[in-house]
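The following note concerns the internal spaces of the model and the pairing of some of its strands. The points are numbered for ease of reference.

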Amino acid sequence: MFVSECLNVNEKGHLTIGGCDTVELAKEYGTPLYVIDEDTVRNTCRSYVNSMKKYYNGNGLPLYASKALSCKALVQLAMSENMGLDVVSGGELYTAMQAGFPAEKIQFHGNNKTDEELEMALEYNIGRVVVDNLYELERLNSLAEERNRTVKIAMRIKPGIDAHTHDFIRTGQIDSKFGFALETGEAMEAVKKTFEFKNVELTELHCHIGSQIFDIDPFVSAAEVMMDFISDIKKQTGHLISELNLGGGFGIMYTSADNPTAYDNYMNAVSKAVTAKAEEHNIPVPFIYIEPGRSLVGEAGITLYTVGGRKEIPNVRTYVSVDGGMTDNIRYALYGSAYTVVNACKADKEPDDKVTVAGKCCESGDLVQKDTMVAKAETGDILAVLSTGAYNYSMASNYNRNPRPAMVMVKDGKSRLIIKRETYQDIVMNDLDL
């Protein structure tokens with residue numbers, strides 16, 4: 001019934017997560033409320049770390065793609081599990097540094113980093129800056145030269161792979177705002193340009209083909225293309241690229257219709273492709289990075305809401321309104337994303353009530369899920385939306401001046417606050433009087 005092993009039903013018929021009664025969590029912390037299970041995140045981190053030992057003889061490092069959920073507690077958890085970190089903004093980098101994350105294990109992505117962000121990367125002396133375009137390459141070299149520094153960089157490549165996912169989250173094809181295209185020769189020209197600069201050192205190639213991908217074949221194809229490109233670079237320039245970042249995008253289960261492949265299967269298949277290509281081209285197997293984000297935290301998280309009004313429109317639809325919505329989960333409005341919704345108060349009951357879960361914002365498109373089945377939802381009930389650990393808090397907003405929810409982490413039947421609920425005072429904190 002449930003998408004994650006951390007979920008269960010107790011003797012009261014209530015939904016539990018990490019051994020905690022979700023109805024009691026809602027009473028203690030209020031709603032809307034993000035809840036994330038610590039053990040699920042840790043176990044997934046360990047599966048990726050162990051896969052590097054198993055398939056690459058330890059010659060690799062998984063980087064937590066913190067855009068999925070960036071806060072000090074999650075960054076510190078990733079650090080404690082021997083992960084590296086992928087950041088995509090100055091804010092995510094600042095969070096990492098405030099959390100005490102080792103700078104040398106951080107990589108900084110983004111298609112339009114500002115000078116301020118590049119300067120932050122230099123100031124903190126992070127591991128790699130992932131260069132996305134020639135303008136950024138020139139700016140970074142200039143800023144490094146001003147500091148009499150040499151900075152190690154990666155170069156983001158578009159391998160031309162169709163990831164078979166939503167148009168908005170495909171990034172590896174030629175028509176993408178990210179990276180340098182292989183098909184046009186742009187990528188090789190950029191690589192050669194890099195070697196002309198004195199204050200950048202190209203050590204790594206990077207690719208990322210998209211998100212929420214269930215097929216293994218696109219990952220294998222991308223790895224093969226990138227290994228071919230490493231060989232081509234060596235032949236044309238004499239330089240051997242020693243590191244390869246194969247990105248992330250591993251799919252998770254949002255509903256019973258999703259059928260994600262075990263992550264170990266991805267790692268096994270891709271490692272075989274990398275090794276075979278290394279032998280074919282007579283080059284060493286590079287140091288391998290991957291960037292799991294959604295797959296680390298997605299299924300580990302849920303969001304709790306309190307049901308308010310119920311509006312039945314005969315022969316049309318039944319709306320159940322909750323105290324959150326697009327301000328804490330914009331993904332349905334953006335992508336029409338499917339979620340599993342459970343009446344946490346009646347988790348032992350069959351879902352026999354077809355409802356559209358509506359948010360509280362003044363927008364007709366503010367829906368959490370349309371025409372979904374739950375156990376009869378009545379005023380005061382607690383609804384749980386599953387698999388909301390990734391891209392929910394991180395995309396949350398103050399639209400209609402709604403405060404962003406709190407987040408708690410649960411483990412072994414105990415809970416602790418890791419992000420405080422915003423207050424109205426927080427919302428007006430940066431306002432100035434007329």
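1. The structure under discussion is a predicted model. All remarks below should be read with that in mind.

2. Enclosed space. When the whole structure is searched, 2 cavities of 30 Å³ or more are found. The largest cavity holds about 110 Å³ of space, and the second largest holds about 40 Å³.

3. Lining of the largest cavity. The residues around this space are Y56, C207, I209, F219, A222, L246, G247, F250, Y266, M267, V270 and I290. Two elements, α8 (217-237) and α9 (263-281), each give two or more residues to this lining. The largest share, 3 residues, comes from α9.

4. Character of that lining. By class, the largest cavity is bordered by 11 nonpolar residues and 1 polar residue, with no charged residue among them. Under the classification used, Gly counts as polar, and G247 belongs to this lining.

5. Lining of the second largest cavity. Here the bordering residues are Y34, V35, I36, L69, G301, I302, T388, G389, Y393 and M407. The elements that supply two or more of them are β4 (33-37) and β14 (301-313). Of the elements, β4 gives the most, with 3 residues. The lining divides into 7 nonpolar and 3 polar residues, and again no charged residue is present.

6. An open pocket. The second largest pocket has a volume of about 470 Å³. Its lining comprises 17 residues, of which Y393, R404, I419, K420 and E422 are the closest to the pocket centre. Two or more lining residues come from each of α3 (72-80) and β21 (414-419). The lining contains 8 nonpolar, 3 polar and 6 charged residues, whereas the lining of the second largest cavity has no charged residue. Y393 deserves a remark, as this residue lines the second largest cavity and is also listed among those closest to the centre of the second largest pocket.

7. The sheet of β1, β2 and β3. These 3 strands form an open sheet in the order β1-β2-β3, with antiparallel pairing. Which strands stand at the edges? They are β1 (7-9) and β3 (20-21); each has a single partner strand, so one side of each is left without a neighbour in the sheet. Between β1 and β2 (residues 15-17) there are 3 bridges, and the two strands run antiparallel. Within this pairing, N8 has T16 of β2 as its bridge partner.

8. The β14 and β15 hairpin. Strand β14, already noted for its part in the lining of the second largest cavity, is joined to β15 (residues 317-322) by 5 bridges in an antiparallel arrangement. V307 stands opposite V322 of β15. The two strands form a hairpin with 3 residues between them, and N315 in the turn has a positive phi of about 60 degrees.

9. Continuation from β15 to β17. Strand β15 is also joined to β17 (residues 353-358), here by 3 bridges and with the strands running parallel. In this pair, Y319 stands opposite T356 of β17. Strand β15 is thus described by an antiparallel pairing with β14 and a parallel pairing with β17.

Conventions. Residues numbered from 1 in each chain as written. Predicted model: local features only at pLDDT ≥ 70, side-chain atom pairs only at ≥ 80, totals over all residues. Heavy atoms only, no water. 1 Å grid on protein atoms, 1.4 Å probe; cavity = no way out; pocket = protein on both sides within 12 Å on 5 of 7 lines; lining within 4 Å. Points joined across faces, edges and corners; volume = space filled by probe spheres on them. Helix = DSSP H or I, 4+ residues; strand = E, 2+ residues; numbered from the N terminus. Pairing = 2+ DSSP bridges.
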